[in-house]
Each structure stands twice: as C-alpha cells, then as structure tokens.
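Subject: Handover of a structure, with notes

Dear colleague,

I am passing on the structure below, together with an account of what was found in it. Please read the notes alongside the coordinates.

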Amino acid sequence: VQLQASGGGLVQAGGSLTLSCAASGRTFLGYIMGWFRQAPGKEREFVAAITWGAGNRYYADSMKGRFTISRDNARKTVYLQMNSLTSEDTAVYYCNANLKPVGDLYERNYWGQGTLVTVSS
C-alpha cells in the first residue's frame, strides 16, 4: 500500500490550503488515517486523524477550529482543510495510516512522502 500526499504549496498568512492523501496498491481494510507535520528544527507532531469506519475525528489542540479532516472512502482519500494559516503552520505535512492489506494478518502503519506547506507572513 502506498500513500500519496499532495496539495502543499505557498500560501499567505490567513489563507487556506487543502491537502490530500490517497491510498493505493493492495486492497486493504482501513482503520485510521491522518496527518503529522514537522517544522524546521522541530520534532514531528500529530495534526489530525479520522477513523475509516465511523469517521471519528481527532485533532491536536492547536489545530481545533482551524483544520478539518475528512475522508472519501470510495476514493481511499483523506483530506485536510487548513484555514487561518499562520507562519507557525509552515512544515512538511506527512500522511499516516493504519491499514491491513487483505491477506495480511495484522494491520501496519504506513507513511506517505511529505508535502511542504509554507505560510508567508
């Protein structure tokens, strides 16, 4: 299974951006999928996640009210709508998922390649 993240770019402070993460490859059972980010010189941190079945959403406190995570099960894609962006949101955003490929016994954790979000002040 591969995760392909897209949608990063340069945006002005106060602006919005939507990231996408598409899962492809083997058929899988999805459990949870979400986003982490890593700013220059900082550790990778959790941003948001959504469960594949019930659609339960989880957010880091600093993202609540500004970011919205959603999913399209048919497209095997998770989206991250980011509003009111500030320079503090500048980071490489990574897609992450816990999935169980059909035929495998256990779920695995997958990472996508990062997509860079730069917020100019």
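Leaving aside neighbours within four places in sequence, which residues is Y59 in contact with? Before the reply, please bear in mind that this is a predicted model. Y59 sits in strand β6, which covers residues 57-59, and, with those neighbours left out, its contacts are F46, V47, A48, K64, F67, T68 and I69. By way of a longer distance, Y59 and E107 are 48 residues apart along the chain, and their C-alpha atoms are separated by 22 Å.

Turning to the fold as a whole, the protein has zero helices and 11 strands, so that the pattern read along the sequence is β-β-β-β-β-β-β-β-β-β-β. For 121 residues, a compact globule would be expected to have a radius of gyration near 14 Å, and the value for the protein, 14 Å, agrees with that. The C-alpha trace spans about 50 × 25 × 20 Å along its principal axes. Of the contacts between residues at least 6 apart in sequence, 53% join residues that are at least 24 apart.

As to surface and charge, 43% of the 121 residues count as buried, while the accessible surface comes to about 6300 Å², with 50% of it belonging to carbon and sulfur atoms. There are 12 positive and 8 negative charges, and the mean positions of these two sets lie 7 Å apart.

Next comes the interior. In soluble globular proteins, nonpolar side chains tend to be buried together. Here the largest nonpolar core has 33 residues, and those with the most contacts inside it are L3, M33, W35, L80, M82 and Y93. At least two residues of this core are supplied by each of β1 (2-6), β3 (17-24), β4 (28-38), β5 (45-51), β7 (67-72), β8 (77-82), β9 (91-101) and β11 (115-120), and the largest share, five residues, comes from β9. Y93, one of the core residues with the most contacts, touches L19, W35, F36, R37, V47, F67, L80, M82, Q113, G114, T115 and V117, if residues up to four places away in sequence are not counted.

Q4 offers a view of strand β1, in which it lies. With a relative accessible area of 47%, Q4 is partly exposed, because exposed would require over 50%. Once its neighbours within four places in sequence are set aside, Q4 is in contact with S20, C21, A22 and Q113. Q4 and Y94 are 90 residues apart in sequence, yet their C-alpha atoms are 9.5 Å apart in space.

Two backbone angles deserve a look. Most residues other than glycine have a negative phi. K76, in the loop between β7 and β8, nevertheless has a positive phi near 55°, and S84, in the loop between β8 and β9, has a positive phi near 50°. Both are partly exposed, K76 with a relative accessible area of 29% and S84 with 43%.

With kind regards

Key: Residues numbered from 1 in each chain as written. Predicted model: local features only at pLDDT ≥ 70, side-chain atom pairs only at ≥ 80, totals over all residues. Heavy atoms only, no water. Helix = DSSP H or I, 4+ residues; strand = E, 2+ residues; numbered from the N terminus. Rg over C-alpha atoms; globule rule 2.2 N^0.38 Å. Buried < 20%, exposed > 50% of the residue type's maximum accessible area, 1.4 Å probe, protein only. Contact = heavy atoms within 4.5 Å. Areas by Shrake-Rupley, 256 points an atom, 1.4 Å probe, with all protein chains shown as cover. Lys, Arg positive; Asp, Glu negative; His and termini not counted. Charge placed at Lys NZ, Arg CZ, Asp CG, Glu CD. Core = buried A, V, L, I, M, F, W, Y, C linked by side-chain atoms within 4.5 Å.
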